[in-house]
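Hi,

Here is the structure I promised to send over. My notes follow beneath it, so have a look and then read on.

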Amino acid sequence: MRRAVNSNDIDQLRSLLRDTDALISEPHDESYKESVKRWSAAAEKAAGVAVVPTGASQISTILRYVAANKIDLAVRGGGHSTSGSSSTDGGLLIDLRAIRHVQVDATNISVKVGGGATWADVDLETAKYGFAALGGTISDTGVGGLTLGGGYGWLSGAHGLVIDNLLSATVVLPSGGIVRASENENQNLFWGLRGAGHNFGVVVEFEFKLHPQGNLWTGTLAFPPSPPVVHKLVEAINDLYRPRTPEGRTKYAGRAASVINILRPSDAGGKVALAAAIMFNGTEEEGRQAFKMFYDIGPVMESVRSVPYDIANQTLSAPPGFRVSMKGAAWALPLEIDLLQELIDSYTLFTKAIPDMESSMILLECYDPYVVATGATNSDMSFANRGWHMNASIQPSWTKQEFDTEGRKWARDTTALFDKWFEKTGRPSRAGDYGAVLAYGNYDHYDQKNSGDIFGQNYTRLQELKAKYDPDNMFNKLFAVQRKE
Ligand SMILES: Cc1cc2nc3c(=O)[nH]c(=O)nc-3n(C[C@H](O)[C@H](O)[C@H](O)COP(=O)(O)OP(=O)(O)OC[C@H]3O[C@@H](n4cnc5c(N)ncnc54)[C@H](O)[C@@H]3O)c2cc1C
């Protein structure tokens with residue numbers, strides 16, 4: 001059992017860090033409030049003390065103290081996890097917000113990024129050189145959490161997962177040691193960091209491959225969720241994203257992606273709508289051609305334009321401060337009309353019954369999975385969710401704590417609709433399917449927490465790694481790998 005911090009611990013920490021610029025704050029301090037704030041208010045917890053370090057050696061000092069005193073520890077990257085995995089009740093919080101440097105190496109087409117940076121920090125700097133890093137679709141998310149759990153973004157159809165673009169990571173281990181992990185150094189640790197990366201230490205620097213990137217044509221098309229629209233939208237999705245070559249490539253080979261949202265947009269007078277956030281990596285003319293079937297449905301609202309990648313990554317941003325709980329699910333092509341209709345019905349009933357839930361959403365991601373599915377196997381890295389399926393995310397969003405249980409229950413019930421559908425249709429399998437676990441950990445599968453469900457066949461190897469690097473389970477907040485009995 002790990003314990004909360006007490007006033008003696010805080011004095012000790014102040015003394016250990018006295019000659020540094022690390023910021024130590026307690027509940028009455030302004031800095032503390034910023035440290036414990038999370039994108040989802042439901043994920044906030046009152047840490048006993050918050051420390052904002054500025055470098056690896058300070059983190060090393062902190063971790064040595066945490067290890068010696070068995071203190072509960074949480075690490076905050078971008079603060080977007082909705083499961084509370086970057087928060088601690090009474091323990092010590094390391095807030096990485098001061099470690100967010102971004103250094104582009106234009107010769108090697110790579111970038112070094114501080115462990116507390118957001119993707120917006122990365123986009124801003126890489127855009128100056130005409131490059132993009134493969135980050136998430138919404139750039140206020142943290143590089144840390146998103147990368148360590150795998151990472152999907154607008155460019156995944158072309159360049160794979162974020163971890164497929166990770167060249168190295170510099171980690172402060174629970175022992176206080178500072179190591180670099182890559183394909184050439186500490187390879188086992190590098191394997192573990194790419195998927196189960198929240199288990200082994202604090203990553204102070206990531207190094208990523210970059211890609212030349214021009215404007216993207218992107219924005220949203222909104223439709224009323226009437227049966228004819230549902231029918232045509234399903235047809236359009238299946239046409240654009242179905243594999244067309246024997247290897248499994250889609251019509252536009254990774255250049256098109258969409259997120260289908262079921263929501264009640266504020267400008268639709270509280271009515272339920274279907275919104276397709278669409279992206280084409282190319283010109284407007286090419287994009288209009290690619291999404292012709294979507295346009296032919298007759299959107300009632302359109303906001304699609306040609307923008308730089310950093311702007312494209314801001315278009316889906318959602319305001320912080322709601323109580324949001326994400327729960328992931330998986331689906332596969334062809335999308336069935338019945339599944340989409342069931343999801344719309346479930347959403348409509350739920351948000352009508354509890355008006356405080358009207359900012360909730362269901363999101364279905366669509367992309368060309370070829371590069372993710374075939375670029376590596378499910379045992380090349382600890383990430384075990386490569387396959388021909390797509391991710392979905394159920395996001396109850398509310399303001400009053402009294403609805404916490406209802407929100408999470410609805411997310412579970414809705415996930416069950418996807419599971420039921422897979423039972424009916426069978427798991428997606430084509431040549432090259434390495435047996436994905438069909439659960440993307442970063443979408444906070446809170447029911448699978450602490451189990452092997454997220455890491456599948458990689459779990460035993462992870463247990464060995466955990467025993468080596470974190471035998472006392474200091475990093476225990478997100479899919480903590482359990483000791484082998
Ligand atoms: C609005 C929104 C949009 C999203 N979009 C996408 C998307 O497009 N693609 C996608 O793949 N996922 C997406 N996600 C999911 C996202 O990957 C996770 O929420 C992820 O945990 C966010 O990372 P963070 O650093 O912001 O979170 P935090 O809450 O800060 O951290 C999450 C976990 O990572 C650990 N962690 C963070 N940084 C470090 C570090 N440097 N070293 C060690 N541990 C660290 C924390 O301790 C914690 O366990 C989205 C989430 C939200 C809320």
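To start with a small puzzle: in S6, which residue is the bridge partner of Asp-105? The answer is Ser-110. Before going further, please keep in mind that this is a predicted model.

**The S5–S6 hairpin**

Strand S5 covers residues 102-105 and S6 covers residues 110-114. The two strands are antiparallel, and four bridges join them. Four residues sit between the strands of this hairpin, and Ile-109 has a positive phi near 50° there. S5 has two faces: Val-102 and Val-104 make up the covered one, while Gln-103 and Asp-105 make up the uncovered one.

In S6 I would point you to Val-113. Its relative accessible area is 0%, so Val-113 is buried. Setting aside residues up to four places away in sequence, Val-113 touches His-101, Val-122, Val-143, Val-204, Glu-205, Phe-206 and Phe-208. Arg-100 is 13 residues away from Val-113 along the chain, and their C-alpha atoms are 6.4 Å apart.

**The four-stranded sheet**

Next comes an open sheet of four strands, ordered S1-S2-S4-S3, with mixed pairing. Its edges are S1 (23-25) and S3 (73-76), each of which pairs on one side only. From one strand to the next, the twist averages 20°. S3 runs parallel to S4 (residues 92-95), and the two are joined by four bridges. Within that pair, Ala-74 is opposite Leu-93 of S4. Helix H3 (residues 56-69) packs on the sheet and touches S2 (49-52), S3 and S4. The direction of H3 makes about 165° with that of S4.

The loop between helix H2 (30-36) and S2 holds Ser-40. Is Ser-40 buried or exposed? With a relative accessibility of 0%, Ser-40 counts as buried. Apart from neighbours within four places in sequence, its contacts are Thr-82, Phe-322, Arg-323 and Val-324.

**Helix H7 and its surroundings**

I saved H7 for last. This helix spans residues 187-196, and it is largely enclosed by the rest of the structure because eight of its 10 residues are buried. Those buried residues are Leu-189, Phe-190, Trp-191, Gly-192, Leu-193, Arg-194, Gly-195 and Ala-196. What do they pack against? Their partners are helix H5 (143-148), strands S8 (166-172), S9 (178-182) and S10 (202-209), and helix H15.

The packing on H15 can be described further. The axes of H7 and H15 (residues 459-469) come within 10 Å and cross at roughly 110°, which means that H7 is roughly perpendicular to H15. The crossing of these two helices is left-handed. On the H7 side, the contact involves Asn-188, Leu-189, Trp-191, Gly-192 and Ala-196. H15 contributes Arg-461, Leu-462, Leu-465 and Tyr-469. Sorted by class, the contact between H7 and H15 has six nonpolar residues, two polar ones and one charged one.

If you have the model open, you could begin with Asp-105 and its bridge partner Ser-110, then look at Val-113 in S6, and finish with the crossing of H7 and H15. I look forward to hearing your thoughts.

Best wishes

Definitions and conventions: Residues numbered from 1 in each chain as written. Predicted model: local features only at pLDDT ≥ 70, side-chain atom pairs only at ≥ 80, totals over all residues. Heavy atoms only, no water. Axes fitted to C-alpha atoms, helices over the stretch in contact; angles between N-to-C directions. Parallel < 35°, antiparallel > 145°, perpendicular 65-115°, else oblique. Left-handed = near helix turned anticlockwise from the far one by under 90°. Contact = heavy atoms within 4.5 Å. Nonpolar A, V, L, I, M, F, W, Y, C, P; charged D, E, K, R; others polar. Pairing = 2+ DSSP bridges. Buried < 20%, exposed > 50% of the residue type's maximum accessible area, 1.4 Å probe, protein only.
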